[in-house]
Amino acid sequence: FVGAFLAEIIGNIIPNQRMDRLVKYVKVLDEKLSKIPIELLNNLLNNEEFVDLIEEGFVQASRALTDERRQYIASIISNGILDDNIELAESKYLLKMIQELNDIEIVWLCYYGYGNEFDIRTEFYEKHKNVLKEIKVYLGDGKEIANKAAIQKSYIDHLARLKLVVHKFRTDKSTGSPKNKSSREPEISGTNITTLGKLLLKQMDLIEEGKK
């Protein structure tokens, strides 16, 4: 029974799902590429980096579960073609980067991207409150709350490891050293988006150029 169950998944469900995702992605990508001068696209046909970028987009789109992620992938490709300030190889690097991010982490990155746009940031927070509301653990809370808080913290720490955000730490005024929590971790006083984080959001069409 298990063998037949797995055979159904491998033989039918996965290929059909991937084909369905690719069909949806092609429509999105075609719409974006149709806005680019055909002469520019024709000149790129023999460019190996361009073909490699398109191929990477299809690979990721075949695993993209949401319409939003398909939009992100197509935007990075189309913006990479049009933006003279970024190389095609760098666009592929950004594609590889969003492959490492789940949808929740992208929501957090957007939130930090609106750092100084208080009205937009507040509206965005209200829209995604279920993701962005800080999970605090108090004495007597069960293991479930602690687990949820640890996972939420890991999302933000992952963004920091990828250099998309940077933490600011509270310091001891007398020593100048970072203050530590009881767990010996430095206390974070704030988190800001980095230049790389802003670039990624811009190429994904999630933030306007020039936003601080």
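Which residues does Ile81 touch, not counting residues up to four places away in sequence? In the predicted model examined here, Ile81 touches Leu33, Ile36, Leu40, Leu41, Leu44, Phe50 and Leu88. Ile81 belongs to helix 4, which spans residues 67-82. With a relative accessible area of 9%, Ile81 falls under the 20% limit and is therefore classed as buried. One of the residues touched, Leu44, is separated from Ile81 by 37 residues in sequence, while the C-alpha atoms of the two lie 9.1 Å apart in space.

The overall architecture provides the setting for this site. The protein contains 10 helices and two strands, and the order of these elements from the N terminus is α-α-α-α-α-α-α-α-α-β-β-α. Of the 212 residues, 38% count as buried. Among contacts with a sequence separation of 6 or more, 64% are made by residues 24 or more positions apart. The exposed surface of the protein amounts to about 13,700 Å², and carbon and sulfur atoms supply 53% of this area.

A further buried position was found ahead of helix 4. Ser62 is located in the loop that runs between helix 3 (48-61) and helix 4. The relative accessibility of Ser62 is 11%, and Ser62 therefore counts as buried. When residues up to four places away in sequence are set aside, Ser62 touches Arg18, Arg21 and Leu22.

The packing of helix 5 (residues 88-99) against helix 10 (residues 195-203) was examined next. The axes of these two helices come within 11 Å of one another and cross at roughly 95°. Helix 5 is therefore roughly perpendicular to helix 10. By class, the residues in this contact comprise six nonpolar, one polar and no charged residues. Helix 5 contributes Leu94, Met97 and Ile98, which meet Leu196, Leu199, Leu200 and Gln203 of helix 10.

Helix 6, formed by residues 103-113, is mostly covered, with nine of its 11 residues buried. The buried residues of helix 6 are Glu105, Ile106, Val107, Trp108, Leu109, Cys110, Tyr111, Tyr112 and Gly113. At the N-terminal end of helix 6, Asn102 acts as a cap: one of its side-chain oxygens is placed 3.0 Å from the backbone nitrogen of Ile104.

In the strand region, attention was given to His167, a residue of strand 1 (residues 165-169). The relative accessible area of His167 is 16%, and His167 is therefore buried. The side chain of His167 takes part in polar contacts with two other side chains. With the side chain of Thr191, the polar contact has a length of 3.0 Å; with that of Asp157, the corresponding distance is 3.5 Å. Apart from neighbours within four places in sequence, the residues in contact with His167 are Ile156, Asp157, Ala160, Ile188, Gly190 and Thr191. Both polar partners, Asp157 and Thr191, thus appear in this set of contacts.

Note on methods:
Residues are numbered from 1 along each chain as its sequence is written. This is a predicted model: local features need pLDDT of at least 70, side-chain atom pairs count only at pLDDT 80 or more; totals for chains, interfaces and linings use all residues. Side-chain values use heavy atoms; hydrogens and water are left out. Buried means under 20% relative accessible area, exposed over 50%, partly exposed in between (1.4 Å probe, protein chains only). Helices (H or I, at least four residues) and strands (E, at least two) are DSSP runs, numbered from the N terminus. A polar contact is a pair of N or O atoms within 3.5 Å; within protein, one must be able to donate a hydrogen and the other to accept it, and residues adjacent in sequence count only if both atoms are side-chain atoms. Contact means heavy atoms within 4.5 Å. Axes are lines fitted to C-alpha atoms, for helices over the stretch in contact, and angles run from 0 to 180 degrees between N-to-C directions. Angles under 35 degrees count as roughly parallel, over 145 as roughly antiparallel, 65 to 115 as roughly perpendicular and the rest as oblique. Ala, Val, Leu, Ile, Met, Phe, Trp, Tyr, Cys and Pro count as nonpolar, Asp, Glu, Lys and Arg as charged, and the others, Gly among them, as polar. Accessible areas come from the Shrake-Rupley method with a 1.4 Å probe; for residues, only the protein chains shown count as cover.
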